[in-house]
Protein chains: 4
Amino acid sequence: MSGSIYGNLFRISSWGESHGKGIGVVVDGCPAGLSIDEAIIQTFLDRRKPGQTKYSTPRVESDKVEILSGTFENLTTGTPISMVVMNQSQRSSDYSDIASYYRPGHADYTYDEKYGFRDYRGGGRSSGRETIARVAAGAIASSILKELGISVFAYTKSIGNITINESKANLDDRMKSPFYMPDLEASLKAEDFLQEQMLKKDSVGGIIECIVTGMPVGVGEPNFDKLDANLAKAVMSIGSVKGIEFGSGFESANSTGSINNDNFRYVNGILTKDTNHSGGILGGLSDGSDIVLRAAIKPTPSIASTQETVNKDNENISINIKGRHDPIIVPRAVVVVESMVAITLVDMLFMSMTSRMDNVKEFFKK
Amino acid sequence: MSGSIYGNLFRISSWGESHGKGIGVVVDGCPAGLSIDEAIIQTFLDRRKPGQTKYSTPRVESDKVEILSGTFENLTTGTPISMVVMNQSQRSSDYSDIASYYRPGHADYTYDEKYGFRDYRGGGRSSGRETIARVAAGAIASSILKELGISVFAYTKSIGNITINESKANLDDRMKSPFYMPDLEASLKAEDFLQEQMLKKDSVGGIIECIVTGMPVGVGEPNFDKLDANLAKAVMSIGSVKGIEFGSGFESANSTGSINNDNFRYVNGILTKDTNHSGGILGGLSDGSDIVLRAAIKPTPSIASTQETVNKDNENISINIKGRHDPIIVPRAVVVVESMVAITLVDMLFMSMTSRMDNVKEFFKK
Amino acid sequence: MSGSIYGNLFRISSWGESHGKGIGVVVDGCPAGLSIDEAIIQTFLDRRKPGQTKYSTPRVESDKVEILSGTFENLTTGTPISMVVMNQSQRSSDYSDIASYYRPGHADYTYDEKYGFRDYRGGGRSSGRETIARVAAGAIASSILKELGISVFAYTKSIGNITINESKANLDDRMKSPFYMPDLEASLKAEDFLQEQMLKKDSVGGIIECIVTGMPVGVGEPNFDKLDANLAKAVMSIGSVKGIEFGSGFESANSTGSINNDNFRYVNGILTKDTNHSGGILGGLSDGSDIVLRAAIKPTPSIASTQETVNKDNENISINIKGRHDPIIVPRAVVVVESMVAITLVDMLFMSMTSRMDNVKEFFKK
Amino acid sequence: MSGSIYGNLFRISSWGESHGKGIGVVVDGCPAGLSIDEAIIQTFLDRRKPGQTKYSTPRVESDKVEILSGTFENLTTGTPISMVVMNQSQRSSDYSDIASYYRPGHADYTYDEKYGFRDYRGGGRSSGRETIARVAAGAIASSILKELGISVFAYTKSIGNITINESKANLDDRMKSPFYMPDLEASLKAEDFLQEQMLKKDSVGGIIECIVTGMPVGVGEPNFDKLDANLAKAVMSIGSVKGIEFGSGFESANSTGSINNDNFRYVNGILTKDTNHSGGILGGLSDGSDIVLRAAIKPTPSIASTQETVNKDNENISINIKGRHDPIIVPRAVVVVESMVAITLVDMLFMSMTSRMDNVKEFFKK
């Protein structure tokens, strides 16, 4: 089996390699009648495009998306939407070295063992470039969510040990930071820290936080397709993510029930919770408050300093990786997290439509 | 849709409520010819059975499993294995109160909104009692893994802020601790801490760590069914889990590439890694070293002290939850984590069998 | 993989063997709030129960169903509905012979090759007794369809070469015929024919026709999950079915476009078709007219007369099969066809709910 | 949900419309190390290309396939294989009329009802042109089967009431007939018959037979994913197929057990069957003999003669369909049937690999 298809009712089928002809995705299950065009998709793709700041790979790619099917006069038709981004900068020569050895922290070794050989050019299928497919599909999912009054909003919460100060954060500011950090003071500190690491030919990681507002109550399918379970899979499937938590997450393990329970309360006739330790999910179902999740991103494994590893002749060797790499992938991953969350939410909203017989009956009365 | 079926090739179909007739599971996709009997399954179930220590609910249940299909003369036949545990202690009367209000930290509110009403007795389907199905299926998955030389081993890493000291931990000791903590000194401290909280009518959480040894290299199906992605879903689907991380996890977000990368090295002709920050997974594929994951478990939401909440008449009220509850669910969840990991590993090992044409060809030559 | 789970949104998980402890099914995905009880399920099961007429096996089974989960006060709760029928008449001794040889027309040989051995008692998992699971689940699906104004109605169209005369058929009469044949004249002829074959220790086959009324237009998910494609799989998965056709079916291969096309016409403002060669399905979607399908059922492979076959010692032998067998399975299969059609229709109605963005939007406005 | 993804382990994701930018498919789950290139795929596509004979649509399309991903140096890499055929002849003007009315026998009405509107150009997604995706994927599946010694071979068995004479048929001759009929005498008669119908501006249907040789015993996953059940779905999902049967099919309904049962016999130490009424499938599993299935294809619904129908203003009207249409689609569908059969066989062969614990254990010993 190959795992390049994701979702149940809203499904995406992703393809493409870093230095192949292109990257693409087929979205199967988008309802008919949604306004969509290449400009909308492009807005999302531009947020992950390389070369936007000095902190990302200098590889030049316009990453222009083309819609090949599934729309008619800028409306979705209910049939599969095929989107493609052709690769332009295929400087494969940079990568001839890595054919013969295994880069630490990369998938070179595991791919070779699994498949018998690998397309080594730029990491092939295991390259972060595959996230183009996720973002293009995420743009469509986000458009559906927008119609339903739901928004997904992610930003960089920390880089290394520099964390945003919640009281100083202004979510509108995230676009002003090269790191999508909504606290511009923290963002400046992070720039200093990153430049320091770049001088050392090193790389850094960070944490992305994602907030979903406007979710109806009761989305999630217990006991295995719980909302948090499926979101965890979606986000963990992004390269370099090493952990995920919801609400108080790992901190709740060190709390007590009297503190960690979110009391319910009616305020002006509206059901609310005094706190949101649950991160918007109770029993695997959305509880109507904001969904809050955080993903831990490891430092970019491609670093320019010398590393110890092995080659395919079973020798221990020292290497210096050439090529064009990001000293940090956190900022470019922000829109990828948003995309995977949006895709999963659409899928699970659709799944939830058959929870109640009265709703089903009313639906088919039309 | 309802999400009570899990897996692709090795699938489990779970059913049952806390105070219904019983809890059961159908395992679909177990290969023929595996030795299995009720005694093996029972060993696993006994580890999650209530009433084993003074730190678990006093509800008395023998939790005896019966195999209804799929075996013949103690060998699996390749057909679905149906297992059932009948409920004995259905003191529903304890739960008549909770029909009318929403317990903080529980699924009462979200279930009512999703389904229009709920089986409120003991939490119904959202009760931790549903994990019986996971553990019974996990016992079968573990038997398959054993045949393949793979073992899954979980234990309590921390309770509240009391964490095991790795240098003092002896994994063989975990069964001697009422908490499955392999550091008996830490375990004693945790007992003190827990008793203190129990006096306050409060509850606590903790962290479970799980280690998988013996995994072949290359298991995992990129880019969406990565091994860590599917394990994350599996573990997050367990009630009360609020976070999961692999290897260095959230710490890696605060590391640098030069530290976080695990260098490869040949030692006596064997490929090894100097460190295991990756937690045994690179590019979503097992890398041959131990798989290491941690799950954060929130404090039991059912506490005996007074809490503020709302009732179904839209009133703000104070409640005191009756019934028999665990002041901590971490110890009983250890075998549940093992089970979900084992089930997922079997599923993904099976998926990986078609990765290479030469292997497929050889398989069908037989 | 094992294929005992069927469906996408409305899923059934079937288990059990002919002479094991029982047969059961878990229905995952039934909406909450549907009225259901054991009496309703029993009505369906009684239609396939053995021993109803002299033309079915004399095996005595009460086939009493028990609901183990998923309902509360006779309403479905949206959680998995587990149903079980315990076996009573386990005269395994009848079957000791067949352990050593392969019955012609049966799955003995193929099961042995696939699984390495088999539960030979009464055919084990390959017995027609597994259809109990289909019918119990079908009863629930039929209850959902009833709420939506859709009915599924099957009957025996022919036995051997005796076919009902459409002009004489009265659908209300089917219950008066031991064969569920709605033309009682044809039914009498079929009785004569069958008795003749029974004297020869032989068996016969026949054709079941199934009609669905009340389907909304547009159900079906092209291009692979077309309504007819999924119905074909559902019905072909029933043991002994060797062919399926829709509308004019195989006859349409010998027709011309001018005859086979169904003209559309407005009659009193209602869109109708002059004919129904399409069998109610156009382009894989329901077209609003009755869905009409037919399944060809082979003669029961278990016959009492002497047959040539092989044993497990690789010898050619002659056998006389003992045991209690149906000389025809067509009548008992009628409710099984209805069940598989009903289950598939519910699944596909649910899938169709996200076809249009405006409908989705309106749904979530509630 | 949209149903444009097919398969479990070997999955295809199809996209594209008749008059959109192109048609494509992503194949997910092809093992690594298979030799494949565009020339191999093209051979299959050329067999369904229009304009090969005077009996197919005069639309001119070169139907050149391009592989966009998933291969490296002409070997599959185990990652998704994306293939695309760009459309060239987009004479949409031909189709402006049909926007306003519903062609009899077509999906115009059902698509409009399902999706709210439709891409009417050439039938959009419901066009037979979508089978390009099936055939491109089928070429890859056939290459896998070839490696395993399995071949899939289809031909036209009948056109209208002209059926090949088995005794005169020579399978090698099928390529010499414009209809892929292996009896050239019947083929000539069919030409006469078709020309006669073409003069009447009418169309005809026929029957395609498909034979699979070399299948191992025991492929198929009871009780729902039986080999015949999944093949039935695969073939029924092809546009215009109205029925499918295996082995003696509908004739077996009019047979007796003593005739219809295939006796087993050892001949020179090899297990054989005296007959093949089962069509190579017993109990839903391949039985080692040839798999034989037949599909009934309806006459092309697009005919040039005047037809009665309705328009979107709810009026009864007469129409004359313009555009370029096949008077018979049977010959071009032959390779489509082969493709869907091949894809399904690969999927089910892969599924069958975990049937036995001893095989699984041996597999992972490597």
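Modeller: Before we start: two strands count as paired if DSSP finds at least two bridges between them. And keep in mind that this is a predicted model.

Biologist: Okay, what makes strand β11 of chain A and strand β11 of chain B a pair?

Modeller: The cut-off is at least two bridges, and β11 (residues 241-246) of chain A and β11 (residues 241-246) of chain B have three bridges, running antiparallel. So they pass as a pair by that definition.

Biologist: Which residue of β11(B) stands opposite A:Ile244?

Modeller: B:Ile244 does.

Biologist: How many residues does each of chains A and B bring to the contact?

Modeller: Chain A brings 94 residues, and chain B brings 94 residues. On the chain A side, 33 are nonpolar, 42 polar and 19 charged.

Biologist: Now chains A and C. Why is their relation called a two-fold axis?

Modeller: Chain A goes onto chain C by a rotation of 180° with 0.0 Å of shift along the axis, at an RMSD of 0.0 Å. That is the relation of a two-fold axis, so the name fits. Both copies use the same surface, too: 100% of the contact residues of chain A recur in chain C.

Biologist: What makes residues of chains A and C count as being in contact?

Modeller: Their C-beta atoms, placed from the backbone, have to lie within 7 Å. By that test, 21 residues of chain A touch 21 residues of chain C. Helix α9 (residues 357-365) gives the most to the chain A side, with six residues. By class, that side has twelve nonpolar, five polar and four charged residues.

Technical notes:
Residues numbered from 1 in each chain as written. Chains lettered and ligands numbered in written order. Predicted model: local features only at pLDDT ≥ 70, side-chain atom pairs only at ≥ 80, totals over all residues. Least-squares fit on C-alpha atoms with pLDDT ≥ 70 in both. Contact = placed C-beta atoms within 7 Å. Helix = DSSP H or I, 4+ residues; strand = E, 2+ residues; numbered from the N terminus. Nonpolar A, V, L, I, M, F, W, Y, C, P; charged D, E, K, R; others polar.
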